[in-house]
Amino acid sequence: MNFFYSKDNLVALHFKYDQARRRFVEWAQNEIAVVPDFHKRILFSDEAHFWLNGYVNKQNSRIWIEANPQVYVETPLHPEKLTVWCALWVGGIIGPYFFKNDEGHNVTVNGDRYRAMITNFFIPELNNHDVQELWFQQDGATCHTARATIDLLKDTFGDSLISRFGPVNWPFKIL
């Protein structure tokens with residue numbers, strides 16, 4: 001399959017995502033107009049990878065220093081990493097949740113592991129918090145947007161789900 005993008009294709013993609021982002025912002029503004037503290041009812045969630053060899057993913061971290069250190073660090077092709085999930089809202093933090101397999105080894109997230117975390121960790125944790133009228137937000141990662149995952153989250157949150165392919169579309173995607 002060819003994934004070549006011309007300048008015109010990229011302009012069209014940016015326009016598509018800009019339009020989706022505008023619709024989302026208009027929806028959020030309407031919600032805030034009806035319920036002024038609406039933003040306090042959103043449970044934001046995401047996961048991050050932490051490499052155990054000291055590598056720092058520059059996409060997720062910003063380090064400000066006076067001079068370029070010009071450091072060369074040799075790293076293995078597939079260094080071990082730890083994937084951590086967390087959710088937060090004005091009422092607190094749920095997590096962290098560390099993705100590990102049955103043997104206790106660190107694993108990355110896939111749809112089955114994400115749904116297991118939701119079922120065995122997240123939903124029971126929700127029961128320990130006062131979460132009436134709470135909205136759940138997640139990004140467009142493939143494990144988050146699989147049909148089985150969206151169905152599971154709809155069972156829990158109904159239409160109060162902000163997600164790519166959810167009742168309220170989360171339009172923010174990195175190209």
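The protein chain exposes about 12200 Å² of surface, and carbon and sulfur atoms supply 54% of that area. The model is a predicted one, and of the 175 residues of the protein chain 30% count as buried. Four helices and five strands are present in the protein chain, and from the N terminus on these elements follow the order α-β-β-β-α-β-α-α-β. Where contacts with a separation of 6 or more are considered, 67% of those in the protein chain join residues that stand 24 or more positions apart.

**Nonpolar cores**

- The largest nonpolar core holds 22 residues, and the members that touch the most other members are Leu43, Trp85, Ile94, Tyr114, Met117, Phe122 and Phe136.
- Two or more residues of this core come from each of the elements β2 (81–89), α2 (111–126) and α4 (147–157), and α2 gives the most, with six residues.
- Once its neighbours within four places in sequence are set aside, Leu43 is in contact with Ala87, Leu88, Trp89, Ile94, Phe122, Leu126, Leu134, Trp135, Phe136 and Gln137.
- A second core, separate from the one just described, is made up of nine residues, among them Phe24, Phe38, Ile162 and Trp170.
- As a general background to such groupings, nonpolar side chains in soluble globular proteins tend to be buried together.

**Helix α2**

- Helix α2 bends by about 40°, and the bend is located at Ile118, a residue that also belongs to the buried set of this helix.
- The buried residues of α2 are, in full, Gly111, Tyr114, Arg115, Met117, Ile118, Phe121, Phe122 and Leu126.
- The cover over these buried residues of α2 includes the strands β1 (42–51), β2, β3 and β4 (135–137), together with the helices α3 (142–145) and α4.

**Strand β3 and the surface patch**

- Strand β3 spans residues 92–98 and contains Ile93, which counts as exposed because its relative accessibility is 53%, where the exposed class begins over 50%.
- Ile93 joins Phe44 and Leu88 in a nonpolar patch on the surface, and the three residues together have about 280 Å² of accessible area.
- Leu88, a member of this patch, is also one of the residues in contact with Leu43.
- Pro96 is likewise placed in strand β3, and the peptide bond that leads from Gly95 to Pro96 is cis, with omega near 10°.

**Helices α3 and α4 and the segment after β5**

- Thr145 has its place in helix α3 and counts as buried because its relative accessibility is 12%, whereas the buried class covers values under 20%.
- Not counting residues up to four places away in sequence, Thr145 touches Asp139, Gly140, Ile150, Ser163, Arg164 and Phe165.
- Phe165, one of these partners of Thr145, is placed in the segment after β5 (161–162) and has a positive phi of about 70° although it is not a glycine.
- With a relative accessibility of 52%, Phe165 counts as exposed, while its contact partner Thr145 counts as buried.
- Arg147 lies in helix α4 and, at 70% relative accessibility, counts as exposed.
- The C-alpha atoms of Arg147 and Gly166 are 9.6 Å apart in space, and the two residues are 19 residues apart in sequence.

How values were computed: Residues numbered from 1 in each chain as written. Predicted model: local features only at pLDDT ≥ 70, side-chain atom pairs only at ≥ 80, totals over all residues. Heavy atoms only, no water. Patch = residues over 30% accessible without salt bridge, like charges linked within 9 Å, V, L, I, M, F, W, Y side chains within 5 Å. Areas by Shrake-Rupley, 256 points an atom, 1.4 Å probe, with all protein chains shown as cover. Salt bridge = Lys/Arg side-chain N within 4 Å of Asp/Glu carboxyl O. Buried < 20%, exposed > 50% of the residue type's maximum accessible area, 1.4 Å probe, protein only. Core = buried A, V, L, I, M, F, W, Y, C linked by side-chain atoms within 4.5 Å. Contact = heavy atoms within 4.5 Å. Bend = angle between axes of the 7 residues up to and from the residue.
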